[in-house]
Amino acid sequence: MASKVRASFERTGRNYIVTGGAQGIGLALTQAIAEMGGNVAILDLQDKPLNHFSQLANTHGVKLPYFRADVANERSFKVAFKGAVEALGSVDSLMTSAGIALEKPFGKHTWDEVNKILEVTGTFMATQLFAEQVEKQGKGGSAVLIASITSHTVLPSHRMSAYPASKELAPLGIRVNSISPGFIDTEQTKFVRDHNAKIADLMFNAPPLKRIGTTDDLVGSVVYLLSDASSYTTGTDIAITGALHVGRQIDT
Ligand SMILES: NC(=O)c1ccc[n+]([C@@H]2O[C@H](COP(=O)([O-])OP(=O)(O)OC[C@H]3O[C@@H](n4cnc5c(N)ncnc54)[C@H](O)[C@@H]3O)[C@@H](O)[C@H]2O)c1
């Protein structure tokens, strides 16, 4: 008998758009989807993605078109999104991983820096464009927004966009979920660690699991949320933090 579970995780021939996929979490997700047989269009600010991206398409026999775009700029973003849909032919799923972080004391942030960090229009508009396209196709879809565990504790962030979007888009058969990573070893956190030993120590030792997370720790949950195995899951958030959101490790 054919395995229903395996089939529900099958991604071959499905089409994905990933914002911020040139490196870090977005690139790791792109790789995971390619491994599962999915085609991925990447939209990112950088001229080109990290080196190993170029081999992924051949290794896995999938399409991986790349579009240079600023998700905070309406024109640039819309042109790239349209190009991505044309290159793929249709789109089943969206992941929003474009984002920046700034490690500075609260009182030292400038007006411009705060505006830039809280620039959530990219996530909002990506979900809107995605919903428009999926509605036209009439087959439903799934979006996974990359939020942050900081949105559960201190800072306003992307997370809340998943909840209202999931309610409004449910009648169109579109599921919207998010993941909230804790400290994950990427170029973004490496830069911070290289400049602040105290924060570096925090990233490795504060999570009760006593290590920093890796992008491999995230991909399984995202593949699950994108797949048919999660077809009754929408409007939820998965915290992937090594238990950081439960409390910091205290050595006794
Ligand atoms: N690394 C972590 O510990 C961690 C934890 C929680 C949440 N996050 C969030 O996850 C997302 C990805 O983080 P990461 O660690 O992979 O970061 P990263 O800096 O390694 O990668 C982010 C990517 O987004 C792109 N990008 C940034 N602004 C853009 C814009 N305006 N338009 C298009 N592309 C843009 C960058 O060029 C880069 O390729 C971010 O939103 C980050 O805040 C990261």
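## Helix H6: one side in, one side out

Let's start with a helix. Right after H6 comes glycine 138, which has a positive phi, near 75 degrees. Keep in mind that everything here comes from a predicted model.

H6 itself covers residues 121-137, which makes 17 residues. At 1.5 Å a residue you would expect a span of 24 Å, and the end C-alpha atoms are indeed 24 Å apart, so the two values agree. Which residues of H6 are buried? They are Gly122, Thr123, Ala126, Thr127, Phe130 and Val134. If you look down the axis of H6, these buried residues fall within an arc of 125 degrees, so they line one face of the helix. Turn to the face pointing away from that buried side and you'll find the exposed residues Glu132 and Lys136.

## A loop residue that meets H6

Leucine 172 sits in the loop between helix H8 (162-169) and strand E6 (174-181). Leaving out residues up to four places away in sequence, leucine 172 touches Ala131, Val134, Glu135 and Gly140. One of these, Val134, is also among the buried residues of H6.

Take the pair leucine 172 and glutamate 135: they are 37 residues apart along the chain, yet their C-alpha atoms are separated by 6.3 Å. Is leucine 172 buried, exposed or something in between? It has 15 other C-beta atoms within 10 Å, so it counts as partly exposed.

## Two other helices: H2 and H3

Now for H2, which has twelve residues. From its first C-alpha to its last it reaches 17 Å, close to the 16 Å expected at 1.5 Å a residue. Eleven of its twelve residues are buried, so H2 is largely enclosed by the rest of the structure. The buried stretch takes in Gly24, Ile25, Gly26, Leu27, Ala28, Leu29, Thr30, Gln31, Ala32, Ile33 and Ala34. Just after H2, glycine 37 takes a positive phi of about 95 degrees.

How many of the eight residues of helix H3 (residues 53-60) are buried? The count is zero, so to speak of H3 as hardly covered is fair. H3 is followed by glycine 61, and here too phi is positive, near 65 degrees.

## Around the ligand

The ligand has 28 residues around it. The closest are Gly20, Gly24, Gly99, Thr186 and Gln188. Gly24 is a residue you have already met, as one of the buried residues of H2.

Which helices each supply at least two residues of this shell? Helix H2 (24-35) does, and so does helix H9 (187-195). Sort the residues of the shell by type and you get 13 nonpolar, twelve polar and three charged.

## Positive phi without glycine

The glycines after the helices had positive phi values, but a couple of other residues have them as well. Lysine 210 is not a glycine, yet its phi is positive, about 60 degrees. You'll find lysine 210 in the loop between helix H10 (197-205) and helix H11 (216-226). It has 12 C-beta neighbours inside 10 Å, so it counts as exposed.

Alanine 243 is another case, with a positive phi near 80 degrees. It lies in the segment after strand E7 (237-240). With 15 C-beta neighbours inside 10 Å, alanine 243 counts as partly exposed.

## Far along the chain, closer in space

Arginine 6 is part of helix H1 (residues 4-9). Because it has 9 C-beta neighbours inside 10 Å, arginine 6 counts as exposed. Its C-alpha atom and that of alanine 229 are separated by 8.9 Å, while the two residues are 223 residues apart along the chain.

Aspartate 47 belongs to the loop between strand E2 (39-44) and H3. It has 8 C-beta neighbours inside 10 Å and therefore counts as exposed. Alanine 69 is 22 residues apart from aspartate 47 along the chain, and their C-alpha atoms are separated by 9.0 Å.

## The whole protein

Step back, and the protein has eleven helices and seven strands. Of its 252 residues, 39% count as buried. Look at contacts with a separation of 6 or more: 73% of them involve residues 24 or more positions apart.

What about overall size? Along its principal axes, the C-alpha trace spans about 50 × 50 × 40 Å. A compact globule of 252 residues would have a radius of gyration near 18 Å, and the protein has 18 Å, which agrees.

Note on methods
Residues numbered from 1 in each chain as written. Predicted model: local features only at pLDDT ≥ 70, side-chain atom pairs only at ≥ 80, totals over all residues. Near = placed C-beta within 6 Å. Helix = DSSP H or I, 4+ residues; strand = E, 2+ residues; numbered from the N terminus. Nonpolar A, V, L, I, M, F, W, Y, C, P; charged D, E, K, R; others polar. Rg over C-alpha atoms; globule rule 2.2 N^0.38 Å. Buried ≥ 20, exposed ≤ 12 C-beta atoms within 10 Å, placed from the backbone. Contact = placed C-beta atoms within 7 Å. Expected span 1.5 Å × (residues − 1). Arc of directions from axis to C-beta.
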